[in-house]
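Colleague: Could you take me through one part of this model in some detail, and then show me what surrounds it? I work at the bench, so please explain your terms as you go.

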Amino acid sequence: MKNFFSRVSRITLEDWLTYHPYDKEVPSDQYYIRLCNDIQQEIIHNDVGNYFIESDYQQLSYMLTCYFEDINSQAGVWLSFIEENKTLYGKYLPFYDTVSNYTCGEVNKADIQFLIWHFVSNLPGNEHLTDPYSIDHESMADLVYDILLRETAKVPNDQLKDLLILPEKADVPSMKRLMEYFFFGSYLNHYYMATLKEEAFLELKNQKGINKRNISYYAQNKQDDLLFNYVSPLLAQHAGVILANRLDGSHSRYSLLKSVSERKEGFFRYKNTTAATMRFEHIASGITIGVTLKSMQHTGHSFVPDVTVIRMGVVQWGEEWWMTGNYIVEDHPGKIKITEGEKYLFAPLASQIQIIRKQDKCFLEINSNKPLAFFNRKKDVFSLIDQVWDLYHETYGSEELDRKLFDIHGITFGIDDDLENITVFFNPDTGMEFYPDIASCIADKENPFFENVEADIEEFLFNNNYSSNFVAYLIENQLIEIEPILSEGGFQYVWNNCDFLLRYYKREFYKGKPKLYEEW
């Protein structure tokens, strides 16, 4: 039975400002707050099933009203998303018709229906694919579309666009502030990212061994870790890329934002200070980097050359390294523990990918030019690994890698596991992957274990143990049958929007990293 809320909490100025890049009221705010409350009061009467709670109506009202404000102010948040989607897939939106009855830069019903899908897909506890053709959601989209059309002639002047302009000579702190807004604050990401931040901070508070006096240090680092190392569900984009997509390609900061690195956190030993940088040695790898003084001006500590050890995170902007978040001085540097993975923190990605590409050639040569192989015994899997390794060293013998680490990387089963079958896939981006007990649903002519079983597509999309390349290979080559569902197109939308959905659900796992080392 549907939960019915005759009255819900009214949206206030404080609530509204959460979604905006300013903290004091501007003249247009009261108009949009009134509209937001009107939308909320209307949609609570719309039957969207039993999974909405009271606060969900409020959060969805924010999203839809902010979309309307974005369109009318020409702020470009929505426009940059749909144009990037068109660049990738040849259409403004997944799922819906954007050829007929769609006008770029204006309010569209398809936009609203997609935003409802996006919102519902990120509800906490939603572990299933959301039907983009839900009759309930389409009915709500019709209702909201009619409201917004009536409001179009009433909208006041809005300064939002001016507040989101990035100057040609913007410095790194200015770029970072706008990145934070688009990633954490804008209506396209706020609901998802707010939940992610809340979960991350709660985990910090409950983590054993954390000095509660330093909780602010860890919290700031966690936020910066999310900012630089995580991606938005929409198109799996990093914060720098999201901001860059709003700029003209000729903007002086466009390339810089597109190429900003992930945040690398580790232990560093202070070496010396030059006119522009503080030089640190990354202890695990021995690599020395110069961190710009502009990011280290408020250290508050006296660093002793070759003695002081700190733990910090750094991000590369163009040719400069910037400290981001907070650092902490190690009181007992002789007792720090270095993980295997940290040794390769600064290893060039291009060189790792080159190694994977060479391994790929060896795998294909051993496996009759096919990226998939099927086994029922673990010793046959290890035999394949040995053959690939031997051919690799025979062909590229000058490149030395630790064989033990290579042999075990990516294996997702234990030596004592009782397995019926093992699927091996060579991922050209990450390396060899192993999938136990799923061969019965893979319709490859070389697969002796195929039993015409329907695939659990939600498991393939949601479970990050299945790589994007593996799932895409199965879908694009029609090697799996997907269980039908009751909707306009069944699961046909999965076939037609495979890459979009992989980006949406895999997120920061969409692009895998080369697996050359056990903890990499």
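How many aromatic pairs does a search of the whole structure find?

Modeller: Happy to. The model is predicted, so to speak of local features I need a pLDDT of at least 70, and side-chain atom pairs count only at pLDDT 80 or more, while totals for chains, interfaces and linings use all residues. Numbering starts from 1 along each chain as its sequence is written, and side-chain values use heavy atoms, with hydrogens and water left out.

The search of the whole structure finds 42 aromatic pairs. Rings of Phe, Tyr and Trp (its six-membered ring) pair if their centres lie within 6.5 Å; planes under 30 degrees apart are stacked, over 60 edge-to-face, and the rest tilted.

One of these pairs is formed by Phe95 and Phe114, with 6.4 Å centre to centre and 35 degrees between the planes, which makes the pair tilted. This pair links distant parts of the chain: Phe95 sits in the loop between helix 4 and helix 5 (109–121), while Phe114 belongs to helix 5, and the two are 19 residues apart. (Helices are DSSP runs of H or I with at least four residues, strands are runs of E with at least two, and both are numbered from the N terminus.) Phe95 counts as buried because its relative accessible area is 9%, and Phe114 is buried too, at 0% relative accessibility. Here buried means under 20% relative accessible area, exposed means over 50%, and partly exposed is in between, with a 1.4 Å probe and protein chains only.

Another pair joins Tyr270 and Phe280, and this one is edge-to-face, at 5.7 Å centre to centre and 65 degrees between the planes. It also links distant parts of the chain, with Tyr270 in strand 1 (residues 264–273) and Phe280 in strand 2 (residues 277–282), 10 residues apart. Tyr270 has 7% relative accessibility and therefore counts as buried. For Phe280 the relative accessible area is 0%, so this ring is buried as well.

Let me set these rings in the whole chain. The secondary structure comes to 19 helices and 8 strands, and 51% of the 520 residues are buried. Among contacts (heavy atoms within 4.5 Å) with a separation of 6 or more, 67% are between residues 24 or more positions apart.

The loop that holds Phe95 also holds Ser100, between helix 4 and helix 5. Ser100 is partly exposed, because its relative accessible area is 35%. Its side chain makes a polar contact of 2.4 Å with the side chain of Asp97. (A polar contact is a pair of N or O atoms within 3.5 Å; within protein, one must be able to donate a hydrogen and the other to accept it, and sequence neighbours count only if both are side-chain atoms.) For a second serine, look at Ser28, in the loop between helix 1 (13–17) and helix 2 (29–43). Ser28 is buried, since its relative accessibility is 2%. A polar contact of 3.3 Å runs from the side chain of Ser28 to that of Asp158. Leaving aside residues up to four places away in sequence, Ser28 touches Pro156, Asn157 and Asp158.

Helix 4, at one end of the Phe95 loop, leads us to the empty space inside. The structure holds 4 cavities of 30 Å³ or more. (On a 1 Å grid over the protein atoms alone, a cavity is a set of points where a 1.4 Å probe fits but cannot get out; lining residues have an atom within 4 Å of a point.) The largest cavity has about 160 Å³ of space. Its lining counts 15 residues, with Ser80, Phe81, Leu188, Gln237 and Ile242 nearest the centre. Helix 4 (residues 77–89) gives the largest share of that lining, 4 residues.

The second largest cavity has about 40 Å³ of space. Its lining consists of Tyr19, His20, Cys66, Glu69, Asp70, Val77, Leu160, Tyr181 and Tyr187. Here the largest share, 3 residues, comes from helix 3 (residues 54–73).

Note on methods. 1 Å grid on protein atoms, 1.4 Å probe; cavity = no way out; pocket = protein on both sides within 12 Å on 5 of 7 lines; lining within 4 Å. Points joined across faces, edges and corners; volume = space filled by probe spheres on them.
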